[in-house]
Structure formats: structure tokens, C-alpha cells
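Colleague: I'm new to this one. Could you walk me through how to read it, a feature at a time?

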Amino acid sequence: MFGLSEAPLIRVEPPGPVARGIIERDSKALVQSYVRWVPLVVKEGHGAVVEDVDGNKYIDLNAGIAVMNVGHSHPKVVQAIKEQAEKLQHYSLTDFYYESAVTAAEKLLTVSPVNNGRVFFTNSGTESIEGSLKFARYFFGGSRQYFIAFLGAFHGRTMGSLSLTASKAHYRKGFGPLMPGVIHVPYPYPYRCVFRTDDPKECGEAVLGYIEDWIFAKLVDPTEVAGIVVEPIQGEGGYVVPPDNFLPGLRRIADKYGILLIDDEVQAGMGRSGKWFAIEHWGVKPDIMALAKAIGGGLPLGAVVARGDVAATLTKGSHANTFGGNPIATAAMSAVIDVIKEENLLDHATKLGNEVIKYFNDLKDELEIIGDVRGKGLMIGVELVRNRRTKEPATKELANVIEKSFKRGVVVIGSGLSTIRIAPPLVISDELMMRAVEIIADVLREENRNLTA
Ligand SMILES: Cc1ncc(COP(=O)(O)O)c(C=O)c1O
């Protein structure tokens, strides 16, 4: 049986014999550019538990990297996929029509913060970003070539999105030249503000001032900037929550110069932060929103939601794709939206997330290794440092925490330099979540002892 209450249950030290065999075959058949934090070879997933090929069960704090928000194999999503697969698997929105895409788009628009939005379906996060960039340039008839993006940002790995990505130099190294016209500015990262202040509000103001007083005054005229591309909470950059003045300030700057505010909700969206879209925490409406990950309930699907007048400029044939809005993927998406509503997952994510944040904040009083705890809903970062005063990133210790947690039945990975990234399926029960958190806390105590020994 696959009962949640019995997890975690480690039978064989992972990777067990079956896992080792598959990893060996993987090394000979697949390009080895993937990261692979731990040698987990997944066989099944249900709710917030995954089982490996050797019969070990784990509490899943990744959700397949912020994808399985409604949990693995949710019966409603499975049913929607099966029913649609028996009727129609593909017929390309580029040249024809079908209902499941229209229904999914309608449902998305009922929860989207974009004014009079229209949906364009893609197959991934990176493709949603590529689409957003193209929509923005096209809206201005090609007269605005620049984009503002942020250090620490992750927007994808194809050429346009990679030009915006700046979370690790390694992602860009060797792939240049990238798309010209991208200007990077610091993201207000309150714990490590580039502008050397510990006051989050001052950090936010410094970034906004830098864009207007330095970039726009000295580098590019703002009337040549098509879009500001921003993650409302940085994902790969370290689960960084910006100060409260930042996103409203960006909205003001965008309005002042007629620039489009492009909100990357690929990771933070679809209920992850306790709101449908993370930007709503700050009452800001984007002009374009990029989505993927959780919207397809595990099937490859992304979407661009564009403001009505932006969408209206796109002429026939100007942008399209073969698979975007695939019938099965959009059927799954409609089921995902229904489940988030029916199971009150936004409330659950908010309440449980607050408990987890409180737990780690209390633990921070005890353990020097915890430098910062931050997050919204079930998008939580616990940043580890070797020394509270110097804030030296505890990179090696983070790797130990991930490995030891894994061996004890909790799958969790990192982000940024040394942050534990907590992003479980939103359906995780309070009990299972707190069991996982306690295992991580135990492992953190051990690492803290080794640090201070
Ligand atoms: C914020 C954000 N944008 C874009 C992407 C790219 O998505 P994909 O991997 O589906 O191309 C990611 C992926 O992690 C992401 O976190």
C-alpha cells in the first residue's frame, strides 16, 4: 500500500541495487548535463510521497520542481488525462480549434490578475518567456529593443530566456553570444543586499533608484525599453522574497515610461505562494505573465497571459507552435485549477507555510547555521551560513543536509548558493510536512555541531 502515514520508509540504503542499475544505464544513454542532487530513481508518486525503484518511500519536498502542486497522480487529473486521451490526443491549435484548450484558457482567465487577458499556450517555462519577449517587442512595433532583468533571476535556458537568466554564471558560460538588449540590475535580496543595507525597504528603494537614476539616465533611454522581466519571488536565485516596496515600485516605473511589466510566475504561480500568482501578494497587476510547471499537472504545458491590447497586436501567423495547448495537457490543466479551488489549497498552503516558517525561525534561535528563513505559502527558503556575521554561504553543509535528509526519507534540494528549497505538493498534510521538517531539523543540528566543533 502507498499510505502517507507510513512514509518515510527506507528499506534499502539509496541508491539500492535497482536504482544503481538504472543510473548506470542513464549515464550511457542520456546527455549528462542534468544536475541530479541525489541518486533518486522514482518509480511512483502519490500525493506528497514518492517511491523509488527499490521500494523506499520519501516525503516529497520538491513536487518535481514546483510542478506537482495538486500532488502526484491526483485522481481528478488522472481521470481528465485518461478521458481526453481516449478522445483526442493532438490536433494543433496553430491551424485548428478544439474545446479543451478553450476551456482551460477560460478557467485560467478567471484567476489571472492580467487586465482583459488572453492566453497563448506553450510547452515549457522557457517557451513562455520567449513568447513574452516576442509579444513585448511586437507590441511596440520593434521600436523598443531593451529588456531589464535581475541578477539572481532564472527564466530558462533557450537563447532568449538564457539572456535574462543570471542566477549562476555557469548557466551562461560557453553559450554566448546571447540575445543583445538585456540589462541586468540587482534584485533586492534583503539578506544580501548588493547596496549594503540591512534594511529591506532601503534595499528596495536603492534598486528602484538604480534603474531610474543610473540605467535610464545614463545607459538606455526608457522609451527604448520594451519590458521589465521579474520573478515576484526569485526561485533558482534562492527563494528570495523581495521587500514590499519593490513590485509596486516596478509597476510605477513601468507605468511612467510605458514599459510592459512581465511577471515570471513559472515557479511561484498556481497557488505555490498561497495566492494564485505570487505578484498578488503586493497587489500588482502585470501586463504579461509567463506560466508553466504546475499548470499542466505534470504534463508539459506553459502559457503566456497577455493584456488584451498587447494580445490584440499579434497578427495571424506572427507567433505559434505545434504542440502548445495540447488537448491532454489542457484537460489536465482544467482539472488542476478545479482541484486547487475545491480543496482550498491556497488557504492550506498559506497556513501550513506559516507554520513551517515559524518552526525554522524558532530553530534559527538555536542554530548558528541558519542565516535566514523566508517565503510565502509553500515556497520556503532556509538559507545556511557558516558564520552569522560574515554570512559565508554554507555550500558544503547544504549538500550534506540534502544527502542526509534523502537517506532518511525526505527529498529536498537547494537553490541559490546555500538555501534549502522547500516546495512540496500543496496537498501535503500537516502531519507529513512536520515530519519532514523535523528530519531536516535533526540533520541541521548535526551539521551545526560539526560547524561549531
Ligand atoms: C522562474 C522560472 N522561469 C522559467 C523557468 C524555465 O522553465 P522550463 O524549465 O520549463 O523551461 C523556470 C524553471 O525552473 C523558472 O523557475
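Modeller: Happy to. Let's begin with packing: contact means heavy atoms within 4.5 Å. Keep in mind that this is a predicted model.

Colleague: Then which helices do the buried residues of α3 pack against?

Modeller: They pack against α4 (99-111) and α11 (327-342). The buried residues in α3 are V77, A80 and Q84. They sit on the same side of α3, because they cover an arc of only 60° around the axis.

Colleague: And which exposed residues does the face of α3 turned away from its buried side carry?

Modeller: That face has P75, K82 and E86. As for length, α3 runs over residues 75-87, and its 13 residues reach 19 Å from the first C-alpha to the last, close to the 18 Å expected.

Colleague: How do I check the span of helix α9 in the same spirit?

Modeller: Count 1.5 Å a residue: the 12 residues of α9 (246-257) should span 16 Å, and the end C-alpha atoms are 17 Å apart, so the two agree.

Colleague: Which residues of α9 are buried, and what covers them?

Modeller: The buried ones are F246, L247, G249, L250, R251, I253 and A254. Their cover includes the strands β5 (146-150), β7 (225-230) and β8 (260-264), along with helix α8 (200-219). Just after α9 comes G258, with a positive phi of about 65°.

Colleague: Let's try a single residue. Is S405 buried or exposed?

Modeller: Buried means under 20% relative accessible area. S405 has 0% relative accessibility, so S405 counts as buried. You'll find S405 in helix α13, residues 395-407.

Colleague: What does S405 touch, leaving out residues up to four places away in sequence?

Modeller: S405 touches V410, V412, I440 and V443. Also, a polar atom of the S405 side chain lies 2.7 Å from the backbone oxygen of V401.

Colleague: Now the ligand. Which residues surround the ligand?

Modeller: Among them are S124, G125, T126, F154, H155 and G156. Others on the list include E231, D264, V266, Q267 and K293.

Colleague: Which polar atoms should I look at there?

Modeller: Start with D264: a polar atom of its side chain is 2.7 Å from a nitrogen atom of the ligand. For Q267, a side-chain N or O atom lies 2.8 Å from an oxygen atom of the ligand. T126 uses its backbone instead, with an N or O atom 2.8 Å from a ligand oxygen. Taken alone, the ligand exposes 390 Å², and the protein buries 82% of that.

Conventions. Residues numbered from 1 in each chain as written. Predicted model: local features only at pLDDT ≥ 70, side-chain atom pairs only at ≥ 80, totals over all residues. Heavy atoms only, no water. Helix = DSSP H or I, 4+ residues; strand = E, 2+ residues; numbered from the N terminus. Expected span 1.5 Å × (residues − 1). Buried < 20%, exposed > 50% of the residue type's maximum accessible area, 1.4 Å probe, protein only. Arc of directions from axis to C-beta. Near = heavy atom within 4 Å. Polar contact = N/O pair within 3.5 Å; in protein donor to acceptor, adjacent residues only side chain to side chain. Areas by Shrake-Rupley, 256 points an atom, 1.4 Å probe, with all protein chains shown as cover.
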